[in-house]
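Colleague: I'm new to this one and would like a close look at a single part. Could you pick one of the sheets, walk me through it and what packs on it, and then take me a little further afield?

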Amino acid sequence: MDQEKITAQLEKKRAELDRLDQELIRQFEQRIDIARQIGAIKEETGMPVLDAGREKEVLRSRVALLKDPTLEEDAEAFFKQLMQISRRAQEKQRKTNLSPQKVAFQGIAGSYGHQAAGRFFGSDAHLIPCAQFLDAMEALVSHNADYAVLPVENSIAGMVNQTLDILVHQRCFISGEIILPISHCLLAPEGAALEGIREVCSHQQALMQSSQFLAQHPLMATRMIENTAVSARYVAQQNDKQLAAIASRNCADLYGLTVLAEGIQDCAENFTRFVIVSRDGYSGTDWNKVSVRFSLPHKSGSLHEMLRIPAEEGVSLTSIVSRPYPGQSFQYYFYADIEADSTEQIEKALERMSDASRDWALLGRYASAERRTTWDASI
């Protein structure tokens, strides 16, 4: 068959796919609209979003409609995803019916925590600035906030131990996460020059993440300040052309500073993961990730045996870190994140892990950042 005929056949089949896709999109929108109507009825009558028995029945009936039995597995996966999208639409609809959320974060306007809270909760949320991570958590515990947004991990600097310790020792729950890209800038008052900077201030993490840039400028001393945005505001207030801050470009606009250098973090792929903390935990059904705390018996092989369980159950142990127990010399706990597509697999792994551990606590069930949203994942 010559190339012209092959091309003509391909174009014909692609045109058929285009027509089918147009119809699929129309029907998809209709389906989501009906799902929202069902969600409204459920909300009015106090019914939960998830009806597991109904979903299993739907899956069986849809797969039974196939003429090609070799497609059963793919069809089941397709309808599982479709029902998950429908549940998400119902849950979003319920959230829009609530009053604006009060959200505590560490820092001030322009900080990465401020950006994370705004992206996750939207422009209607009432954002509450707090001086320290613990202050944000205390605002939540005291009911002055509905949620707290705390950084828990950076792709360069690693886990944020202060947040881990707060999560472990406060009786609240992780109910979501957001991952945002970090791009650090060196900011200084108008008229300042890079070669004239003698001191750079910022949060400890930002200084760590920009260590290579700072090493290239040995005349720049460093000073730790509690937040990147606070450091930018401080530099603006001092108006000293020898003083600079490491913060986001947003802070340059907010505090009238000049960008002397951009993207100064050690690695261009710099991301921070924030967790969304609530008093009652995640009430949605679209969760695929859990965070736990546990300790282990002091005997040979106990950690090895624990780490075997996620692999045997087919779930992913995405992070694990040990932290010392305050006031207990050489006593440690482990913080771990576990993720899988199947909640049943996660539940089975958790049951086995809790049996093998001491001081076990579930810190939260939630949808991973990749599942929760399709916009760029970043802090």
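Modeller: Let's take the open sheet of four strands, which runs in the order β13-β14-β12-β15 with antiparallel pairing. (Strands are DSSP E runs of at least two residues and helices are H or I runs of at least four, numbered from the N terminus; two strands pair if DSSP finds at least two bridges between them.) β13 (316-324) and β15 stand at the edges with a single partner strand each, so each has one side without a neighbour in the sheet. From one strand to the next, the twist averages 15 degrees. This is a predicted model, where local features need pLDDT of at least 70 and side-chain atom pairs pLDDT 80 or more, while totals for chains, interfaces and linings use all residues. Residues are numbered from 1 along each chain, and side-chain values use heavy atoms, without hydrogens or water.

Start at the β13 edge. β13 joins strand β14 (residues 332-339) through eight bridges, in the antiparallel sense. If you want a spot to click on, find P324: Y332 in β14 stands opposite P324.

Now go to the other edge, strand β15 (residues 358-366), where you'll find D359. D359 has a positive phi of about 50 degrees, although it is not a glycine. Its relative accessible area is 39%, which means D359 is partly exposed (buried is under 20%, exposed over 50%, partly exposed in between).

What lies across this sheet? Helix α11 does: it lies across β12 (289-295), β13 and β14, and runs at about 150 degrees to β13. (Axes are lines fitted to C-alpha atoms, and angles run from 0 to 180 degrees between N-to-C directions.)

α11 also has a helical partner. Helix α11 (residues 302-313) and helix α12 (residues 343-355) have axes that come within 9 Å and cross at roughly 160 degrees. α11 and α12 are therefore roughly antiparallel, the word for angles over 145 degrees. The α11 and α12 crossing is right-handed, meaning that the near helix is turned clockwise from the far one by less than a right angle. On the α11 side, M306, I309, P310, E312 and E313 make the contact, and they meet Q345, K348, A349, R352 and M353 of α12; contact here is heavy atoms within 4.5 Å. By class, that patch between α11 and α12 holds five nonpolar, one polar and four charged residues.

Further afield, there is another open sheet, with five strands in the order β8-β7-β9-β6-β10 and mixed pairing. β8 (221-224) and β10 (258-262) are at its edges, each with a single partner strand, so one side of each has no neighbour in the sheet. The twist in this five-strand sheet averages 30 degrees from one strand to the next. Strand β6 (residues 185-188) runs antiparallel to β10, joined by four bridges, and A188 has T258 as its bridge partner in β10. This sheet has a helix too: α9 (residues 228-238) lies across β6, β7 (199-202), β8 and β9 (243-247), and runs at about 155 degrees to β9.

Two single residues to finish. R87 sits in helix α3 (residues 72-96) and, with 10% relative accessibility, counts as buried. R87 touches V49, L50, E55 and T285, leaving aside residues up to four places away in sequence. H143, in the loop between α5 (133-141) and β3 (147-154), has a positive phi of about 70 degrees without being a glycine.

Note on methods. Angles under 35 degrees count as roughly parallel, over 145 as roughly antiparallel, 65 to 115 as roughly perpendicular and the rest as oblique. Ala, Val, Leu, Ile, Met, Phe, Trp, Tyr, Cys and Pro count as nonpolar, Asp, Glu, Lys and Arg as charged, and the others, Gly among them, as polar. Buried means under 20% relative accessible area, exposed over 50%, partly exposed in between (1.4 Å probe, protein chains only).
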